[in-house]
Amino acid sequence: MTVDHAPPDISAKSGHAAGTASTDPHPETPAPAPLAPTPPALEPLVLEPVVPLASRRGRLRSVPRWLRRAVGPLTLLALWQVLSATGVLSPDTLASPGTVAHAGSDLVKDGTLPSAMGISLQRVAVGLLIGGVAGIALALVSGLSRLGEDLIDATVQMLRTVPWVGLIPLFIIWLGIGEAPKVALIALGVAFHLYLNVYAGIRGVDAQLVEAGQVLGLGRWGLVRHVVLPGALPGAMTGLRYSLATAWLALVFGESINADAGIGFLMNQAREFFRTDVIVVCLVVYATLGLLADAVVRTLERLLLQWRPTFKGQ
């Protein structure tokens, strides 16, 4: 006896279940999201004007540069006048600016100061010429040749460590008390500064530039003229500035060697008579001549070194 069991109607049940699910009168719905809190009322912003840094610098740069550079000396002069007027500086210690100006005017009117300046300038010029030629020549020989370096550099380095002011007694014994020891002292101080800076400038030239010149077919003298000397020029100008400062310093010591004319002679006379006003006048003249000489060198630097861009401050 065979009993047939018919399979259940799955499609009908699933259809009934699907229909039941689709016709549910109470479907589940997601809960509503909570409302965001209302932000507080913003206070009105007060906008302050912002001054760019560039405009601030522009205002400072609008002031003439000579006036900005004169702020320091004028402040020092005003302080000096205040201390003299209040009695903090007695006339015996340091004369007031007015007294110094009056003494300078008298020295100019009677021709004493112009004559002394002319003699001192002549000594500096001759000493600078002799020392400059000697220092640059030695630097070229030592810088361009290894043999020259072996023969010259050690001797120059040894001599430059000797205080050249201490050579004054020897100069007096060798050269007397005339103009020769004064000029020799100036030339010695100038030569050492120029030698060191020109030598360093030559040896500081980039070797790749020398190789490039050789590739382009430049000979030895062509390399020296077109590569080495232009590359050493910045060092030479720096040495010239140092040399001028040393020249004025050597002049002060040189004119103390039994001088009968010049700015140093005026200072020695004023020291004997306790004329602090004349001493200050001579110091101001030294400083002014030094600044003028430095300005001339800086002008030469701008003209000769236009090919070299440098940082000039912000």
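This briefing walks through the fold, a buried charged site, the salt bridges, the aromatic pairs and a surface patch of the protein chain. Please keep in mind that the model is predicted. The protein chain has 13 helices and zero strands. If you have time for one residue, try E255: it is buried, with a relative accessible area of 0%, and it forms a salt bridge with R123.

**Overall fold**

- Reading along the sequence, you meet one helix after another, in the pattern α-α-α-α-α-α-α-α-α-α-α-α-α.
- Of the 314 residues in the protein chain, 28% are buried.
- Among the contacts in the protein chain with a separation of 6 or more, 72% are between residues 24 or more positions apart.
- The accessible surface of the protein chain is about 21600 Å², and carbon and sulfur atoms account for 67% of that surface.

**The surroundings of E255**

- You will find E255 in the loop between α11 (220-254) and α12 (263-272).
- E255 counts as buried because its relative accessible area is 0%, and the cut-off for buried is under 20%.
- The side chain of E255 makes a polar contact of 2.6 Å with the side chain of S120.
- A second polar contact, at 3.0 Å, runs between the side chains of E255 and Y286.
- Once neighbours within four places in sequence are set aside, the residues in contact with E255 include S120, R123, K182 and Y286.
- The contacts of E255 also include A261, G262, I263, G264, F265 and N268.

**Salt bridges**

- How many salt bridges does a search of the whole structure find? The search gives five, and three of the pairs are described here.
- R123 and E255 form a salt bridge in which the closest N and O atoms are 2.9 Å apart.
- This pair links distant parts of the chain, with R123 in helix α6 and E255 in the loop between α11 and α12, 132 residues apart.
- Are R123 and E255 buried or exposed? Both R123 and E255 are buried.
- D294 and R241 meet through their side chains in a salt bridge of 2.9 Å, N to O.
- Here too the pair links distant parts of the chain: D294 belongs to helix α13 (residues 276-304) and R241 to helix α11, 53 residues apart.
- D294 is partly exposed, at 22% relative accessibility, and R241 is partly exposed as well, with a relative accessible area of 31%.
- D277 and R275 form a salt bridge too, with 3.0 Å between the closest N and O atoms.
- D277 is buried, with a relative accessible area of 9%, whereas R275 counts as partly exposed at 38% relative accessibility.
- Salt bridges with shared partners connect R123, E179 and E255 in one network.

**Aromatic pairs**

- The structure has two aromatic pairs.
- One of them is F171 with W174, a tilted pair with 6.3 Å from centre to centre and 55 degrees between the planes.
- Both F171 and W174 sit in helix α8 (residues 168-175), three residues apart, which is about one turn of the helix.
- The two partners differ in exposure: F171 is buried, with a relative accessible area of 10%, while W174 is exposed, with a relative accessible area of 58%.
- Y195 and Y199 have ring centres 5.9 Å apart and planes at 10 degrees, so this pair is stacked.
- Y195 and Y199 both belong to helix α9 (residues 179-203) and are four residues apart, about one turn of the helix.
- Both tyrosines of this pair, Y195 and Y199, are buried.

**A nonpolar patch on the surface**

- Which residues make the nonpolar surface patch of about 360 Å²? The patch is made by V126, L129, I130 and V133.
- V126 lies in helix α6 (residues 112-144), and R123 of the salt bridge with E255 is in helix α6 too.
- V126 counts as partly exposed because its relative accessibility is 35%.

Definitions and conventions:
Residues are numbered from 1 along each chain as its sequence is written. This is a predicted model: local features need pLDDT of at least 70, side-chain atom pairs count only at pLDDT 80 or more; totals for chains, interfaces and linings use all residues. Side-chain values use heavy atoms; hydrogens and water are left out. Patches are made of residues with over 30% relative accessible area and no salt bridge: like charges are joined within 9 Å, nonpolar side chains (Val, Leu, Ile, Met, Phe, Trp, Tyr) within 5 Å. Accessible areas come from the Shrake-Rupley method with a 1.4 Å probe; for residues, only the protein chains shown count as cover. A salt bridge is a side-chain nitrogen of Lys or Arg within 4 Å of a carboxyl oxygen of Asp or Glu. Helices (H or I, at least four residues) and strands (E, at least two) are DSSP runs, numbered from the N terminus. Buried means under 20% relative accessible area, exposed over 50%, partly exposed in between (1.4 Å probe, protein chains only). Contact means heavy atoms within 4.5 Å. A polar contact is a pair of N or O atoms within 3.5 Å; within protein, one must be able to donate a hydrogen and the other to accept it, and residues adjacent in sequence count only if both atoms are side-chain atoms. Rings of Phe, Tyr and Trp (its six-membered ring) pair if their centres lie within 6.5 Å; planes under 30 degrees apart count as stacked, over 60 as edge-to-face and the rest as tilted.
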